[in-house]
Amino acid sequence: MDHSESKTKDCGYLYLTITALLIAVFSAGLTLLIASYMYHGSYEPFELPSQVTNSNVKRMIVGHKKVILFKIEAKNRCYILPSTMSKEIASSKFSFMNSPLTRELLLDVADYEGAEFCGTTPAYVLEKSSKH
């Protein structure tokens, strides 16, 4: 009788330990998932082609909006690139709509700091070109 009670007690401790470990692993995974969702810091570094890295081009990253702004003084244009496409900038062709963004749309896409960066320069959102 004592032997079977001891085995039952040991199994109970084993199940309790396994349950505690599963809860700890699940909690750690959930914490990492939530933390990565809430993180709005800087994103992976990216390389820009030489024509965009010239001194006449100003750049700004708006991390919480996930966009990169390029202000080209010589062309009097401000381009907005989604940061998800930043790695493709050297190998892809981009296009933009012919009409610039309104001030309200610019505030929505790039927030106040992006709108201040572009100033009165017309702003265009870049998208990957479907024509190769």
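Is Glu-116 buried, partly exposed or exposed? Glu-116 is partly exposed, at a relative accessible area of 44%. The legends below walk through this predicted model, beginning with the whole chain and then moving to close-ups.

**Figure 1. The whole chain, with its 2 helices and 5 strands.** Start at the N terminus and the elements read α-β-β-β-β-α-β. The chain has 132 residues, and 26% of them count as buried. Take the contacts between residues at least 6 apart in sequence: 52% of those join residues at least 24 apart. The accessible surface adds up to about 9900 Å², with 60% of that belonging to carbon and sulfur atoms.

**Figure 2. The largest nonpolar core, made of 12 residues.** Here's the full cast: Met-60, Val-62, Val-67, Leu-69, Cys-78, Ile-80, Leu-106, Ala-110, Ala-115, Phe-117, Cys-118 and Ala-123. At least two residues of this core come from each of β1 (57–62), β2 (67–72), β3 (77–82) and α2 (103–118). Helix α2 gives the largest share, with 5 residues. Apart from this core, there is a second, separate one of 9 residues, and Ile-68, Ile-72, Met-85 and Leu-126 are among them. As a rule of thumb, nonpolar side chains in soluble globular proteins tend to be buried together.

**Figure 3. A closer look at Ala-115 and its contacts.** Set aside the neighbours within four places in sequence, and Ala-115 is in contact with Arg-103, Leu-106, Leu-107 and Ala-110. Two of these partners, Leu-106 and Ala-110, turn up in the largest nonpolar core along with Ala-115 itself.

**Figure 4. The disulfide between Cys-78 and Cys-118.** The structure holds 1 disulfide, and its two sulfurs sit 2.0 Å apart. The angle about the S-S bond is -55°, making the link left-handed. Cys-78 belongs to strand β3 and Cys-118 to helix α2, so the pair ties together parts that lie 40 residues apart in sequence. Both ends are tucked away: Cys-78 is buried, with a relative accessible area of 0%, and Cys-118 also counts as buried, at 0%. These two cysteines are on the list for the largest nonpolar core as well.

**Figure 5. The salt bridge of Arg-103 and Glu-116.** This view returns to the residue from the opening question. The structure holds 1 salt bridge, and here the closest N and O atoms of Arg-103 and Glu-116 are 3.8 Å apart. In general, side chains of opposite charge can pair when their charged atoms come close. Arg-103 is partly exposed, with a relative accessible area of 38%, and Glu-116 is partly exposed too, at 44%. Arg-103 is also one of the contacts of Ala-115.

**Figure 6. Phe-70 in strand β2.** Phe-70 is buried, with a relative accessible area of 3%. Look across to Met-60, which is 10 residues away along the chain: the C-alpha atoms of the two are separated by 6.7 Å. Met-60 is one of the residues in the largest nonpolar core.

**Figure 7. A nonpolar patch on the surface, formed by Leu-14, Tyr-15, Ile-18 and Leu-22.** The patch covers about 440 Å². One of its members, Ile-18, is found in helix α1, which spans residues 2–38. Which class does Ile-18 fall into, buried, partly exposed or exposed? Ile-18 is partly exposed, with a relative accessible area of 41%.

Technical notes:
Residues are numbered from 1 along each chain as its sequence is written. This is a predicted model: local features need pLDDT of at least 70, side-chain atom pairs count only at pLDDT 80 or more; totals for chains, interfaces and linings use all residues. Side-chain values use heavy atoms; hydrogens and water are left out. A nonpolar core is a set of buried Ala, Val, Leu, Ile, Met, Phe, Trp, Tyr and Cys residues joined through side-chain atoms within 4.5 Å. Buried means under 20% relative accessible area, exposed over 50%, partly exposed in between (1.4 Å probe, protein chains only). Helices (H or I, at least four residues) and strands (E, at least two) are DSSP runs, numbered from the N terminus. Contact means heavy atoms within 4.5 Å. A disulfide is a pair of cysteine sulfur atoms within 2.5 Å. Patches are made of residues with over 30% relative accessible area and no salt bridge: like charges are joined within 9 Å, nonpolar side chains (Val, Leu, Ile, Met, Phe, Trp, Tyr) within 5 Å. Accessible areas come from the Shrake-Rupley method with a 1.4 Å probe; for residues, only the protein chains shown count as cover. A salt bridge is a side-chain nitrogen of Lys or Arg within 4 Å of a carboxyl oxygen of Asp or Glu.
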